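Reader: I am new to this structure and would like a close look at a single part of the interior. Please take one buried residue as the starting point and go on from there.

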Amino acid sequence: MKRTIRWAAFATVAALGATVASAAASKFESAVFAELNRFRGDPAGYAAMLRPYRPRFEGKLLVGEGGDEIDILTNEGVAAVDEAIRDLRPAKPLARLQWSDLLARAAADHVAVQSHSGAVGHYTGNRGPGERVKARGGGPYVNEVITYGHHSPASVIQQLLIDDGVPDRGHRLSLLRESHRYAGIACGTHKIHRTMCVIMMARTADGLPAPAPVRKPAAKPR
């Protein structure tokens, strides 16, 4: 008999390379990164990827596919899926993200703690996403999203876009943020939800402010 859990995903917006993952990333993390860029390259086209969720609902219960996926008790049922499809259809293509090893290491620090503690959310002790990146030598200007209980790269990205139970759709907005240019991802096991995946995004590779553009002095009149 399959276990049933509630959809659990959290997002934080702190203050506001290469498009392939580092060799240090796991195959799963690399695939999540590729799926994230697949979405950003064509958000409108990606809306079609959400349609297969519709027939899987029994009321608010999303029935898992195959032997690995568990049934998920959602808050909103198919309504959140339909809303995501409507939101994505008019969306313009976004810049593909480049991989950041520093952001990935800060994400991995969070996974290392929560995989054993079974905790959820954005804080490791008293440290939030910005503090974790600063501890790795970066800055606090980062955006973090987390999923729990999703076992394929596609489901990680798709559940963040559907964003069931999150009134402001913060996860969806985070993935659609045009200013993001870098991402680091860490995924692992979780004591309660079996799996978790942390995605950190920022305008810069280290979460520090982007350099101010250099302005050329105005030409002197002759």
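Author: His110 is buried, with a relative accessible area of 0%. The model is a predicted one. His110 sits in helix α4, which spans residues 101–117. Leaving aside residues up to four places away in sequence, His110 touches Gly121, His122, Tyr123, Thr124, Arg132, Glu144, Ile146 and Val198.

One of these contacts, Val198, belongs to a nonpolar core of 15 residues that also includes Val111, Val142 and Met200. That core is separate from the largest nonpolar core, which has 35 residues. Within the largest core, the residues with the most contacts are Ile157, Leu175 and Ile199. At least two residues of this core come from each of α1 (27–41), α3 (78–88), α6 (153–162), β8 (182–190) and β9 (194–202). In soluble globular proteins, nonpolar side chains tend to be buried together.

Leu175 can be followed further. Not counting residues up to four places away in sequence, Leu175 touches Leu36, Phe39, Arg40, Leu94, Val145, Ile157, Leu160, Leu161 and Met201.

The loop between α6 and α7 (170–175) contains Asp163, and Arg169 is in that loop as well. Most residues other than glycine have a negative phi. Asp163 has a positive phi, near 60°, and Arg169 has a positive phi of about 50°. Neither is a glycine. Asp163 is buried, at a relative accessible area of 2%. Arg169 also counts as buried, because its relative accessibility is 10% and the cut-off for buried is under 20%.

How values were computed
Residues numbered from 1 in each chain as written. Predicted model: local features only at pLDDT ≥ 70, side-chain atom pairs only at ≥ 80, totals over all residues. Heavy atoms only, no water. Helix = DSSP H or I, 4+ residues; strand = E, 2+ residues; numbered from the N terminus. Buried < 20%, exposed > 50% of the residue type's maximum accessible area, 1.4 Å probe, protein only. Contact = heavy atoms within 4.5 Å. Core = buried A, V, L, I, M, F, W, Y, C linked by side-chain atoms within 4.5 Å.
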